[in-house]
Structures are given as C-alpha cells and as structure tokens.
Amino acid sequence: MSKVWLVTGASSGFGRAIVEAAVAAGDLVVAAARRTAPLDDLVAAHPGRVTALPLDVTDLDAIEAAVQEVVERHGRIDVLVNNAGRGHVGAVEETTDRELRDLMELHVFGPAALTRAVLPHMRARKSGAIVQMSSMGGRFAFAGVGAYCATKFALEGLSEGLAAEVAPLGIKVLIVEPGAFRTGFAGPGALNQSAALPAYEETVGPVRASLADSDGQQPGDPAKAAAAIRTALDAENTPLRLLLGSDAADAVSAQLDGSRAEFEAWEELTRSTDFDA
Ligand code: NDP
C-alpha cells in the first residue's frame with residue numbers, strides 16, 4: 001500500500017530528493033515549502049501524487065491547518081519529514097539573540113509543532129514515522145557552528161525522548177545526521193553569517209571560508225541519502241540515529257572515541273561526588 005508523506009523544506013536539496021524517492025516508489029507526497037514554484041515540475045510530472053503546500057515552518061499558526069489539509073486530502077499521514085532548515089556560521093559571541101532564536105524556531109519549535117500536529121492522527125492509526133533532519137552537528141560542535149549545533153542538539157534531545165514515548169504506540173522516530181551533502185545548504189545566500197568580530201578571525205574565519213567554498217563540492221549525494229532514509233524506515237529495527245556520509249562516519253567515530261577517553265580520564269572524580277554511605 002502506498003504511503004502518504006509530508007515533507008517540509010521540499011523545494012531544494014534533501015527535501016526535494018526525499019520527495020522524488022517517495023514518488024518513484026509509488027507513494028503520495030505533500031511537498032511543503034515556503035516557495036512552491038521550484039516544485040512545479042514535480043507536481044506537473046506526477047499529477048495527484050505530488051502536491052505542493054505553501055508552509056513556513058516558523059509560522060506556528062499555519063501548521064495545524066497544513067496538517068489538517070493533508071489528512072483531509074489523503075486520509076492520513078504515514079511519514080512526516082521535518083527537513084526545512086538552513087546553515088548558520090558565527091562565533092557564539094557574534095551570534096545575536098535574534099539569530100539564535102530564529103534558528104531555534106526553524107530547527108526546534110517548527111518541528112515540535114509539526115510533530116504535535118501529526119501525532120493524534122498517527123496514534124489513532126497506531127502507525128507512522130517521524131523523520132528529523134538533524135546533522136552530524138547534532139552530535140558534536142566546533143568553532144563557528146555553536147548556534148547551529150545547539151539547535152540540532154535540541155532537536156535530537158526532543159526526538160530521543162519522543163521516540164521512547166511513541167514506540168509503544170506503534171510510531172517510529174528516525175533522527176538523520178548527514179555530513180556535508182551537495183544541496184543548496186552552502187549556496188549563494190543560503191548560509192546565514194553573523195557579523196564577524198576580529199577576535200574570532202583565527203578560529204571562525206577558516207570555517208566561514210571553507211563552508212562557503214564547499215558549495216557544489218560536498219561529497220554527499222542527496223539522492224543516495226533519500227534512498228538510505230527509506231531503507232532505514234522500511235527496516236524492522238529502524239535505528240534511532242542514522243549517520244549519512246563517510247565524512248560523518250569518520251568525524252563521529254573520532255568523537256565517540258574522544259568522548260569515552262575523556263569520560264574514563266575523569267571517571268574517578270565523576271564518581272567521587274556521591275554522599276558518603
Ligand atoms: P537546502 O538549502 O537545499 O534546502 C533547505 C530547504 O529548507 C529549502 O527548501 C528551504 O526553502 C527550506 N526552508 C528554509 N527555511 C524554511 C522555513 N522557515 N519554512 C519552510 N522551509 C524552509 O539545504 P538542505 O537540503 O541541505 O537542508 C535540509 C536539512 O538538512 C536542513 O535541516 C539542514 O540543517 C540539514 N543538513 C544539511 C546538510 C548539508 O550538508 N546539506 C548537513 C547536515 C544537515 P526556501 O527556498 O523557502 O528557503
């Protein structure tokens with residue numbers, strides 16, 4: 001039986017690739033985007049099977065109505081993909097309160113509201129899947145991406161708790177953690193950059209330059225990512241976290257080793273703070 005997907009940020013990159021993979025597999029997709037014009041070709045190529053839905057995921061008032069529209073049109077939502085997002089580079093001190101809050105709205109509050117809106121429908125049918133597009137930056141941070149990673153860490157914490165709550169209700173949660181993929185992410189105008197302070201030229205400066213220079217050179221293929229997400233969702237034991245890309249595999253493997261080494265180096269002090277028996 002074909003599935004019904006709701007994909008946010010579907011006008012570009014991963015979102016579009018996920019829509020293409022779903023429709024190629026015979027599923028029905030509601031492709032949500034702020035600008036729906038880039039979806040016109042897909043809608044025309046698959047009449048009735050791909051529908052474009054205007055949705056800014058930071059417009060919390062619009063989310064309930066958008067979900068209702070999908071349910072009315074197709075009778076259900078089998079897979080929600082919280083994909084909409086954008087990059088941000090800036091030292092923590094450089095990042096304004098407004099920039100941090102906007103990023104939280106996009107990567108945490110929007111996905112949380114969409115999750116709340118689809119869950120009653122999924123619970124009623126005792127099935128469904130929620131895919132959260134995080135990042136390898138949902139596992140670790142480095143200079144210049146503290147704010148971006150903070151939002152992805154927040155999304156992952158929310159999703160890990162959610163997964164434990166909804167698994168007994170028949171609903172899967174899949175956190176996807178891509179490395180660098182060739183999408184519109186680092187393209188012209190896409191990456192938000194905080195105003196630079198000279199103090200961070202040495203630490204954040206190279207990150208600003210390399211992220212912008214990576215556009216079109218990233219190793220990851222979004223079509224292969226979409227196929228991998230499908231494989232993970234179709235598996236009986238869908239993982240909670242799915243890393244994508246050999247760069248993500250190398251970086252997270254090193255991070256896990258470093259994390260264990262630090263834990264062991266300080267374990268005695270960690271264990272020394274309980275009350276004396
Ligand atoms: P793209 O820039 O290609 O796509 C981002 C999509 O998000 C666009 O369709 C954009 O639409 C949409 N979007 C942005 N803001 C909003 C909003 N407020 N409401 C609705 N849609 C919005 O980048 P990616 O495909 O790479 O990004 C998708 C996700 O993947 C993001 O969550 C990102 O953090 C994550 N990611 C990407 C990585 C990469 O290397 N590419 C690595 C790790 C994670 P619009 O045209 O309206 O701006």
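Which polar backbone atom is 3.0 Å from a nitrogen atom of the ligand? In this predicted model, the atom in question belongs to Val57. The points below take up the ligand, the nonpolar cores and one buried serine in turn.

1. Polar contacts of the ligand. Besides the 3.0 Å approach of its nitrogen atom to the backbone of Val57, the ligand has an oxygen atom at 3.0 Å from a side-chain N or O atom of Lys152. Phe185 takes part through its backbone, where an N or O atom is 3.5 Å from a ligand oxygen atom.

2. Cover of the ligand. Taken on its own, the ligand has 880 Å² of accessible area, and the protein covers 92% of this. Two elements, helix H1 (13-24) and helix H5 (146-166), each give two or more residues to the surrounding shell.

3. Composition of the shell. The ligand is surrounded by 27 residues, of which Ser12, Arg34, Arg35, Tyr148 and Thr183 come nearest. Sorted by class, the shell contains 12 polar, 11 nonpolar and 4 charged residues.

4. The largest nonpolar core. This core has 30 residues, and those touching the most other members are Trp5, Val7, Ile18, Val19, Val81, Ile229 and Leu233. At least two residues each are supplied by strands E1 (4-7), E2 (28-33), E4 (79-82), E6 (128-133), E7 (171-178) and E9 (241-244), and by helices H1 and H7 (222-234). Helix H1 provides the largest share, with 6 residues. As a general tendency, nonpolar side chains in soluble globular proteins are buried together.

5. Val81 and the second core. Not counting residues up to four places away in sequence, Val81 touches Trp5, Leu6, Val7, Thr8, Ile18, Val131 and Met133. Another core lies apart from the largest one; it has 29 residues, including Val71, Leu114, Leu119 and Leu162.

6. Position and burial of Ser194. Ser194 is located in the loop between strand E8 (192-193) and helix H6 (205-213). Why is Ser194 counted as buried? Its relative accessibility is 3%, and the term buried applies under 20%.

7. Surroundings of Ser194. The side chain of Ser194 forms a polar contact of 2.8 Å with the side chain of Glu99. With neighbours within four places in sequence left aside, Ser194 is in contact with His88, Val89, Gly90, Glu94, Thr95, Glu99 and Arg208. Glu99 thus appears both in this contact list and as the partner in the polar contact.

How values were computed: Residues numbered from 1 in each chain as written. Predicted model: local features only at pLDDT ≥ 70, side-chain atom pairs only at ≥ 80, totals over all residues. Heavy atoms only, no water. Near = heavy atom within 4 Å. Polar contact = N/O pair within 3.5 Å; in protein donor to acceptor, adjacent residues only side chain to side chain. Areas by Shrake-Rupley, 256 points an atom, 1.4 Å probe, with all protein chains shown as cover. Helix = DSSP H or I, 4+ residues; strand = E, 2+ residues; numbered from the N terminus. Nonpolar A, V, L, I, M, F, W, Y, C, P; charged D, E, K, R; others polar. Core = buried A, V, L, I, M, F, W, Y, C linked by side-chain atoms within 4.5 Å. Buried < 20%, exposed > 50% of the residue type's maximum accessible area, 1.4 Å probe, protein only. Contact = heavy atoms within 4.5 Å.
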